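Hi,

Here is the structure I promised to pass on to you. Have a look at it first, and my notes on what turned up follow just below.

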Amino acid sequence: SNNKIQVELDESSGVAMMKFKSPPVNSLSLEFLTEFSISLEKLENNRACRGVILTSAVPKIFSSGLDITEMCGKSMEHYTEFWRAVQEMWLRLYGSNMVTVAAVNGSSPAGGCLMALSCDYRIMAENPKFSIGLNEAQLGIVAPFWFKDTFVNVVGHRVAERSLQLGSLHPAPEAHKLGLVDELVPEEKLMEKAAAVMAQWLALPDHARQLTKTMMRKAVLDRLVAHREEDIKNFISFVSKESIQKSLRMYMEMLKKRKS
Ligand code: CO8
């Protein structure tokens, strides 16, 4: 791994910071996802670490979600390896025994939103230019069932139903109203607030909190574990369709045009 993620553990508080540093947009490439899972596993196995704060070192962007180039014109083997890495990231993060707080300091579409949703608590910079949501439908693709389950578990069925069908990207104030993020703070207060929230969660004994977290999340985690190979097959057959390849290419073109 070559440091797409900076990890710093403060042994006195037991809190680690994972800072995404993969410019320009912290897209979740195979390399990024692999490094993320390895780093998180190391922290999970480190008894000195009880909590993790996820944030970005790239200005204005938390994460742009899955790296679209990993899903375009690649081999079956590559799609398999990539999708397994996406699953692994989510299984480890959603299933983490540690307290996880997302300090969302920029835009966070799709896979970026999934990472934030997988944490125990989300704080977002109160900038209406930053938006968050599962916008897959806008790309002509469908969020997998476990993305959807994670979303439903945060915002409830009705909000998820509407937001997922429309592929909405919600500006921070709206995301807060919907419960997609728990709190908004001025950007310069974000890390201070994340540390304070973390301290509040860590004031409880780990054991009871961990068992409670497992009780809340186990059914959704088990569903993917039970259907992991099937989920990979679904991804491959979906992403290999010429119509889907075309949608993804058009979306990438749209991103480039929008710039000029
Ligand atoms: N993957 C790959 N490249 C990306 C991505 C991405 N997700 N996002 C942006 N880029 C590229 C751009 O194409 C651009 O490249 P270049 O410089 O070569 O033109 C570069 O990164 C910088 O991007 P922008 O100029 O757009 O930067 P801005 O600061 O203006 O905007 C945003 C940043 C808001 C992040 C914007 O780039 C954006 O909206 N990106 C797209 C985000 C998105 O829709 N992601 C969805 C990915 S799909 C997913 O995560 C889940 C799919 C699961 C289902 C799969 C079933 C098939």
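Glutamate 161 and arginine 158 sit three residues apart in helix H5 (residues 157–166), which is about one turn of the helix. Their side chains form a salt bridge, with 2.9 Å between the closest N and O atoms. Glutamate 161 is partly exposed, at a relative accessible area of 33%, while arginine 158 counts as exposed at 52%. The spacing makes sense, because an α-helix has 3.6 residues a turn and residues three or four places apart point the same way. Please keep in mind throughout that this is a predicted model.

That pair belongs to a wider topic: how many salt bridges does a search of the whole structure find? The search gives 15. One of them joins glutamate 229 and arginine 84, at 3.1 Å from N to O. Glutamate 229 lies in helix H9 and arginine 84 in helix H2, so this salt bridge ties together parts that are 145 residues apart in sequence. Both ends are partly exposed: glutamate 229 has a relative accessible area of 44%, and arginine 84 has 34%.

Another salt bridge stays within one helix. Lysine 218 and aspartate 222 meet at 2.6 Å, N to O. They are four residues apart in helix H8, so about one helical turn separates them. Lysine 218 is partly exposed, with 43% relative accessible area, and aspartate 222 is partly exposed as well, at 35%. Elsewhere, Glu41, Glu88, Arg92 and Arg228 are joined into one network by salt bridges that share partners.

Helix H8 deserves a look of its own. It covers residues 206–226 and bends by about 55 degrees at arginine 217. Arginine 217 is also one of the buried residues of H8, a list that runs Arg209, Lys213, Arg217, Val220, Leu221 and Leu224. What covers these buried residues? The cover includes helix H2 (76–94), strand E5 (99–104), helix H4 (145–155), helix H7 (190–202) and helix H9 (228–239).

Now to the interior. The largest nonpolar core has 81 residues, and those touching the most other members are Phe36, Val52, Leu54, Trp90, Val101 and Leu248. Which element gives the most to this core? The answer is H2, with 10 residues. If you would like one residue to start from, try valine 101. Leaving aside residues up to four places away in sequence, valine 101 touches Val52, Ile53, Leu54, Cys119, Tyr121, Ile123, Ala194, Val197 and Met198.

Aspartate 67 is a charged residue I would point out to you. It lies in the loop between strand E4 (60–61) and H2. Aspartate 67 is buried but has no salt bridge, and the nearest side chain of opposite charge, lysine 74, is 7.3 Å away. A salt bridge needs a nitrogen within 4 Å of a carboxyl oxygen, so lysine 74 at 7.3 Å does not form one with aspartate 67. What aspartate 67 does have is a polar contact of 2.5 Å between its side chain and that of threonine 69. Not counting residues up to four places away in sequence, aspartate 67 touches Ser27, Leu28, Ser29 and Phe82.

Last, a few notes on the backbone. Most residues other than glycine have a negative phi, and most peptide bonds are trans. Three places here depart from that pattern:

- The peptide bond from proline 23 to proline 24 is cis, with omega near 10 degrees. Proline 24 is found in the loop between strand E2 (15–20) and helix H1 (30–44).
- Lysine 60, which is not a glycine, has a positive phi near 70 degrees. Lysine 60 lies in strand E4 and counts as exposed, at 59% relative accessibility.
- Alanine 110 has a positive phi of about 45 degrees, although it is not a glycine either. Alanine 110 sits in the loop between strand E6 (106–109) and helix H3 (111–117), and it is buried, with a relative accessible area of 13%.

Enjoy exploring it!

Best wishes

Conventions
Residues are numbered from 1 along each chain as its sequence is written. This is a predicted model: local features need pLDDT of at least 70, side-chain atom pairs count only at pLDDT 80 or more; totals for chains, interfaces and linings use all residues. Side-chain values use heavy atoms; hydrogens and water are left out. The bend at a residue is the angle between axes fitted to the seven residues ending there and the seven starting there. Helices (H or I, at least four residues) and strands (E, at least two) are DSSP runs, numbered from the N terminus. Buried means under 20% relative accessible area, exposed over 50%, partly exposed in between (1.4 Å probe, protein chains only). Contact means heavy atoms within 4.5 Å. Lys and Arg count as positive and Asp and Glu as negative; His and the chain ends are not counted. A polar contact is a pair of N or O atoms within 3.5 Å; within protein, one must be able to donate a hydrogen and the other to accept it, and residues adjacent in sequence count only if both atoms are side-chain atoms. A nonpolar core is a set of buried Ala, Val, Leu, Ile, Met, Phe, Trp, Tyr and Cys residues joined through side-chain atoms within 4.5 Å.
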